[in-house]
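Got your viewer open? Let's walk through this one stop by stop, selecting as we go.

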Amino acid sequence: MKNQEPMKFFKTCFVLGMALLCFSLAGCSKNEKKPCPDYVLKTRFIIVTPHDFSEELDLKKAGYPYNITEDPEAYNEMVMSLADDLSQEIVLLSAAMDKGITVSDQQLEDAVEKFKQDYPADSFNQILLENAISYDFWKKRFRKDMIIDRLIDRDLRKKINISSDDIVEFYKNHMASSAGKSGKLNRLKQEKQLVSSLRREKAQDQ
């Protein structure tokens, strides 16, 4: 596909850039007079600074064993996985900015409040604290996720064609186990959710 060519070129440049970055950052730690790079990843609209990358890395490390830094190979794989994720993310965010897709402060606040309703009492803040994630950082990432979801919804999800075979296969894989536990009313609601979930999954795959 034509759309895959820019991403292949971007990833090739990205791998080379990350190799140079590792040498640069290593030099920064040993020689304070040596200037550090201004960014790790960059598009026409978005720049990921070393500080931004460090924050994201701290978040990712929370999902790994605490001693992963003692395994250079595993640690490097984790860093490269994060860099690949962020490279795809800023491409999507840049596409959204180019199309004028945004999330206002009020829309963000409303979505955050709705999200937090699923967490009783102070459990939400406790989860952030246990994972050493600041509320401001989480909120910034939440906004990014909302923007990307809007981009997917606008450019992909509504244009996805779903066949009867797709629905049957998706039902077998995801919904059959819970269907038997619900009544007719719940089953009708589940069928509507099934199509929506299937459309979302196919859009994400694309």
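What follows is a short tour that goes from the whole chain down to single residues.

**Stop 1: the whole chain**

Start with everything shown as a cartoon, and keep in mind that this is a predicted model. You should be able to count eight helices and two strands. Trace the chain from its start and the elements come in the order α-β-β-α-α-α-α-α-α-α. Of the 206 residues, 26% count as buried. Now think about contacts with a separation of 6 or more: 67% of them join residues that are 24 or more positions apart.

**Stop 2: colour by confidence**

Switch the colouring to pLDDT. The mean for the protein is 75, with 62% of the residues reaching 70 or more. Which helix comes out lowest, and which highest? Select residues 4-30 for the low end: this is α1, with a mean of 47. Then select residues 105-116, helix α4, where the mean is 94, the highest.

Two stretches deserve a flag. Over residues 4-13, pLDDT stays under 50, and the model has six contacts for them beyond four places in sequence. Residues 178-189 also stay under 50, again with six such contacts. Where pLDDT is low, the predicted coordinates should not be read in detail.

**Stop 3: the nonpolar core**

Next, show side chains for Leu41, Phe53, Leu108, Trp138 and Phe142. These have the most contacts inside the largest nonpolar core, a set of 30 residues. Helices α2, α3, α4, α5 and α6 each put at least two residues into this core. As background, nonpolar side chains tend to be buried together in soluble globular proteins.

**Stop 4: the second largest pocket**

Turn on a surface and look for the second largest pocket, with about 380 Å³ of space. To find its centre, select Ile46, Leu93, Lys140, Lys144 and Ile147, the closest to it of the 19 lining residues. What kinds of residue make up the lining? There are 10 nonpolar, one polar and eight charged. Strand β2 (47-48) and helices α2 (50-61), α3 (72-98) and α6 (135-155) each supply at least two of the lining residues. Helix α6 gives the most, with six.

**Stop 5: Arg141**

Stay on α6 and click Arg141, which lies in that helix. Is this arginine buried or exposed? Arg141 is buried: its relative accessible area is 16%, and the cut-off for buried is under 20%. Show what surrounds Arg141 and, leaving aside neighbours within four places in sequence, you'll find Glu56, Leu59, Leu86 and Glu89 in contact with it.

**Stop 6: Pro50 and Tyr64**

Now go to Pro50 in helix α2. Pro50 is partly exposed, at 26% relative accessible area. Draw a C-alpha to C-alpha distance from Pro50 to Asp38: the two are 12 residues apart in sequence and 7.2 Å apart in space.

Carry on to the loop between α2 and α3, where you'll find Tyr64. With 32% relative accessibility, Tyr64 counts as partly exposed. Try another C-alpha pair here, Tyr64 to Ala74: these are 10 residues apart in sequence and 9.9 Å apart in space.

**Stop 7: Ala121**

For the last stop, select Ala121, in the loop between α4 and α5 (123-130). What is the sign of its phi? Phi of Ala121 is near 50°, a positive value in a residue other than glycine. Most residues other than glycine have a negative phi. Put the surface back on and Ala121 shows up as exposed, with a relative accessible area of 85%.

How values were computed: Residues numbered from 1 in each chain as written. Predicted model: local features only at pLDDT ≥ 70, side-chain atom pairs only at ≥ 80, totals over all residues. Heavy atoms only, no water. pLDDT = per-residue confidence, 0-100. Helix = DSSP H or I, 4+ residues; strand = E, 2+ residues; numbered from the N terminus. Contact = heavy atoms within 4.5 Å. Buried < 20%, exposed > 50% of the residue type's maximum accessible area, 1.4 Å probe, protein only. 1 Å grid on protein atoms, 1.4 Å probe; cavity = no way out; pocket = protein on both sides within 12 Å on 5 of 7 lines; lining within 4 Å. Points joined across faces, edges and corners; volume = space filled by probe spheres on them. Nonpolar A, V, L, I, M, F, W, Y, C, P; charged D, E, K, R; others polar. Core = buried A, V, L, I, M, F, W, Y, C linked by side-chain atoms within 4.5 Å.
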